[in-house]
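Student: I'd like to learn how to read a structure like this one. Could you walk me through it?
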Protein chains: 2
Amino acid sequence: MEKPNKSNKVSLAEVAQAAGVSKMTASRVLRGSGGYSEKTRKKVMAQVDLLGYLPNRLATVFSGEKNSTFVGVSIPELGNEVFTQVLEGIDRKLGSFGHQTVLGLTQHTHEEEENWIRTVLSWQPAGLILTGRSHSIRSLEMLRNSGLPIVEIWDLNSSPLDVSVGINHFDSGFEMGRYLISLGYRSLGYVGTSHDTANAATARLDGFTKAVEDGGGSVRRQLCLHDTASFYPGFYGTEQLLSTSQDLECVFYQNDSMAFGGLQFCTARGMRIPEDIGIAGWGDLPIASVLHKRLTSIHVSHLKLGQVAAEKMIGRLSGESVATCNDIGFHLMPGSTVRSNIPV
Amino acid sequence: MEKPNKSNKVSLAEVAQAAGVSKMTASRVLRGSGGYSEKTRKKVMAQVDLLGYLPNRLATVFSGEKNSTFVGVSIPELGNEVFTQVLEGIDRKLGSFGHQTVLGLTQHTHEEEENWIRTVLSWQPAGLILTGRSHSIRSLEMLRNSGLPIVEIWDLNSSPLDVSVGINHFDSGFEMGRYLISLGYRSLGYVGTSHDTANAATARLDGFTKAVEDGGGSVRRQLCLHDTASFYPGFYGTEQLLSTSQDLECVFYQNDSMAFGGLQFCTARGMRIPEDIGIAGWGDLPIASVLHKRLTSIHVSHLKLGQVAAEKMIGRLSGESVATCNDIGFHLMPGSTVRSNIPV
DNA sequence: ATAGATTACGTTACGGGTAACGCAAGCTTT
DNA sequence: AAAGCTTGCGTTACCCGTAACGTAATCTAT
């Protein structure tokens, strides 16, 4: 078994020596910065290939004032497909510009986020992309002190630390509420979860409630579970919800996964959808189309959100002036899990 | 708009000067390596807090022979929930040991993987976790030259570069084939995709075919689409499959997402499941339970796979001797999308 | 032919930490 | 009280590239 340390790294100096030139000349050749003859270039490159030289970016960043190509990206969890898509959008775009993603899973807590920020900053990243607008005091301090470009995503923020990319969650909830009201629903329920940083979901619920009340309805029961926003909590949350409020006409869920759970519960109990109860989700996941019924939901292009976030980061890194507030938008997807017109 | 460069970083030297000690003493205090008085420690720490000093890990790694805390992790794509779970398992475990994930999305191609490997190696990572056992020649060269711990995951490899964590895909396909044969199915079909690095899926198909033929059946039609292994390809792949082979009794899919697509297609065409056709998937995704029918599938603990991969990496980094070949195992999940006993 | 510009390199210093070593002051031992 | 040890801290050198500068050789202009 070999030791992991004692790396047999080939340094630029070794390449230079083997090629019979100075370190500096080898460096110039490798960077293609000019100032060398074709003959020299060939000598150096021959040794690079021969010795299998790989540049040491640590030294490069460390040396000059040029910043690294690392971008720290914090994501609450990967269990939620929504964030997965955002991450994919970010990493692809970042990668196409020669940047690398340093991942951080914060589990929706300030504490994890703060620890991750501290660590990732010590690696001198070029910038940070953070999910959510809510951060601990010490985090804010570190972020500000770092002087780095920061892109806050997910939750649109009119006064972000630096740049914000996301959607207006309040409005999306509001639109769903207005839609359901327009279909004649008046007695509504909500099932979601609560966390340190789940402000977006809260905003959706607030918008939803506002629209429903504006329309003369009411959100009879709001359930905020201390669990992940996934299938099972949706299932048992619905059970809990309906056990005390049988008269609900329609339930709005924090996301599609939870809505699926609710759908499953209702179907298992022999309830017809949408005849007996309406189901509405949020996020419009690809799996929404798995069902024979199309889930009524709010569509957000999560991939695009990630891509735009990465683009804004690239923009900041290249010194362009970047809009502070970037709205990705959403639209309502009418489905067949709510009734399609006002009952007579 | 402030410039992203010109970072007002506080260096150890500044802390030391402010505390009236030498750089080295400040370094010792921060690392807690001993060799300083309590009085000095307080003086230094007071300045650390006051100046908001954050250590520069770049310099640390760059300086000594100690390796970094970065671990490069390559994943083919995040669109597939299977890999998402693996990544979550890796990052959580790695994080709990103070390591960071540098993500690379290879899109199942050798080319992307090779480029990513080159880049990530230039950052002097502590080790690499790669999905798949198939790599380009130049990749292999770089990996070997690096002398770094390498954990290859997903596809169990009896002679890996360094360490392998995964499952035997051939066996999993074989078990599914044998199961379907035991239920009396004889005329079978397969729908999947093909890529540079999708050897695992190929192995599953091989195992499946072997079992089916051993059992006196045959895999009449094998469809390998050039697409992502997701819902829609499953849908139209099934359409294609059934348009030329109406007599298929059961279809095995590369994964659950594709199986869902197939299920959707069949249901839309008015076919009854499992009466008219059987459907079997692979991976046992959480969404498998979204359906009123439970999908017949192969269960693999993807999260655990990721965790074990990270553990093996940690083991290698701390110089422990680590098993070369680590089988995570799988088990067949009988569902209601295939018939439950041999028809009379 | 000679001054001035250009080309093709080499030399030096530096960045932010750390290992290795040096050394003075305080403590113990006999 | 002298020798030996320990403690606490400073000094120096180094890691691997790059910026800035220096210089010898070649080329151009007059």
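Tutor: Let's go through the DNA surfaces, then the strands and a sheet.

Tutor: Some ground rules: this is a predicted model, where local features need pLDDT of at least 70, side-chain atom pairs count only at pLDDT 80 or more, and totals for chains, interfaces and linings use all residues. Residues are numbered from 1 along each chain as its sequence is written, chains are lettered from A and ligands numbered from 1 in the order in which they are written, and side-chain values use heavy atoms, leaving out hydrogens and water.

Student: How do I read the surroundings of a strand, and which residues are closest to DNA strand D?

Tutor: A residue is near a strand if one of its heavy atoms lies within 4 Å of it. DNA strand D has 22 residues around it, with Lys23(A), Ser27(A), Thr25(B), Ser37(B) and Thr40(B) the closest. Of the DNA strand D atoms within 4 Å of the protein, 55% are sugar or phosphate and the rest are in bases.

Student: What do polar contacts look like there?

Tutor: A polar contact is a pair of N or O atoms within 3.5 Å; within protein, one must be able to donate a hydrogen and the other to accept it, and residues adjacent in sequence count only if both atoms are side-chain atoms. Ser27(A) has a polar side-chain atom 2.3 Å from a phosphate oxygen of DNA strand D. For Ser63(A), a polar side-chain atom sits 2.8 Å from a sugar or linking oxygen of that strand. The elements giving two or more residues to this surface are α2 (23–31) and α4 (57–63) of chain A, plus α2 (23–31) and α4 (57–63) of chain B. Helices (H or I, at least four residues) and strands (E, at least two) are DSSP runs, numbered from the N terminus. With four residues, α2(A) gives the most.

Student: Which residues come nearest to DNA strand C?

Tutor: Of 25 residues around DNA strand C, the nearest are Thr25(A), Ser37(A), Thr40(A), Lys23(B) and Ser27(B). A side-chain N or O atom of Thr40(A) is 2.6 Å from a phosphate oxygen of DNA strand C, and for Tyr53(B) the distance to a phosphate oxygen is 2.8 Å.

Student: Now strands. How do I tell what pairs with what?

Tutor: Two strands pair if DSSP finds at least two bridges between them. Strand β2 (residues 100–105) of chain A pairs with β2(B) in the antiparallel sense over three bridges, and Leu103(A) stands opposite Thr101(B). On β2(B) there is also β1 (residues 70–75) of chain B, running parallel and joined by six bridges.

Student: Is β2(B) buried or exposed?

Tutor: Buried means under 20% relative accessible area, exposed over 50%, partly exposed in between (1.4 Å probe, protein chains only). In β2(B), six of its six residues are buried. In a regular strand the side chains alternate between the two faces of the sheet. Here Gln100(B), Val102(B) and Gly104(B) point one way, while Thr101(B), Leu103(B) and Leu105(B) point the other.

Student: What is the strand order in the open sheet of chain B?

Tutor: That sheet of four strands runs β7-β6-β8-β9, with parallel pairing. β7 (218–225) and β9 (278–280) of chain B are at the edges, each with a single partner strand, so one side of each has no neighbour in the sheet. Seven bridges link β6 (residues 187–193) of chain B to β7(B), and Gly192(B) is opposite Cys224(B).
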